[in-house]
Amino acid sequence: MVDIYLLLFMVIILAGIVIAYGYYLKEKKEHLDAIHRGFCPKCHQNSIDVSDQRDGGCGPKIVSYTCLNCGYENSFSVDGNCSL
Ligand SMILES: [Zn+2]
């Protein structure tokens, strides 16, 4: 009987992780959308700036954004354009 409870516990934990990850991705996407529209997702000022960009060639590249107004910082992986 203990095994069933353990299994149930693990399923609940796993579901929690999946839901949390889904929310994380959703929030991340909303932030990126805001940045693409040219404003900071935190203070909504037009003061967002690219602070770092690591181009991995054909792979996804990591782009970091900083807000010059409130200090918001986030990095996103963007699919790189591969033109051979
Ligand atoms: Zn800001």
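These are short notes on the fold, sheet, core and overall dimensions of this predicted model.

1. Overall content. The protein chain holds one helix and three strands. Along the sequence, the order is α-β-β-β. The helix therefore precedes the strands in that α-β-β-β pattern.

2. The sheet. The three strands make an open sheet, arranged β1-β2-β3, with antiparallel pairing. At the edges sit β1, residues 48-54, and β3, residues 73-78. Each of these edge strands pairs on one side only. From one strand to the next, the twist averages 25 degrees.

3. The β2-β3 pairing. β2 covers residues 61-67 and pairs with β3 over six bridges, in the antiparallel sense. Two positions show the register. K61 has V78 of β3 as its bridge partner. Y65 stands opposite N74, also in β3.

4. The turn. β2 and β3 form a hairpin. Five residues lie between the two strands. One feature to look at is G71, which sits in the turn and has a positive phi of about 85 degrees.

5. The core. Which residues form the largest nonpolar core? There are five: I35, C40, I48, Y65 and C67. I48 falls within the 48-54 span of edge strand β1. Y65 and C67 fall within the 61-67 span of β2. Y65 thus has two roles to check in the viewer: it belongs to the core, and it stands opposite N74 in the β2-β3 pairing.

6. Contacts of I35. Beyond its neighbours within four places in sequence, what does I35 touch? Its contacts there are P41, I48 and Y65. Of these partners, I48 and Y65 are themselves members of the largest nonpolar core.

7. Dimensions. The radius of gyration of the protein chain is 19 Å, whereas a compact globule of 84 residues would have one near 12 Å. Along the principal axes, the C-alpha atoms fill a box of roughly 55 × 40 × 15 Å.

8. Burial and contact range. Of the 84 residues in the protein chain, 6% are buried. Among contacts with a separation of 6 or more, 29% join residues 24 or more positions apart. The burial figure is best read beside the radius of gyration of 19 Å and the five-residue core.

Notes:
Residues are numbered from 1 along each chain as its sequence is written. This is a predicted model: local features need pLDDT of at least 70, side-chain atom pairs count only at pLDDT 80 or more; totals for chains, interfaces and linings use all residues. A nonpolar core is a set of buried Ala, Val, Leu, Ile, Met, Phe, Trp, Tyr and Cys residues joined through C-beta atoms within 7 Å. A residue is buried if 20 or more other C-beta atoms lie within 10 Å of its own, exposed if 12 or fewer, and partly exposed in between; C-beta atoms are placed from the backbone. Two residues are in contact if their C-beta atoms, placed from the backbone, lie within 7 Å. Two strands pair if DSSP finds at least two bridges between them. Helices (H or I, at least four residues) and strands (E, at least two) are DSSP runs, numbered from the N terminus. Axes are lines fitted to C-alpha atoms, for helices over the stretch in contact, and angles run from 0 to 180 degrees between N-to-C directions. The radius of gyration is taken over C-alpha atoms; the globule rule is 2.2 Å times the number of residues to the power 0.38.
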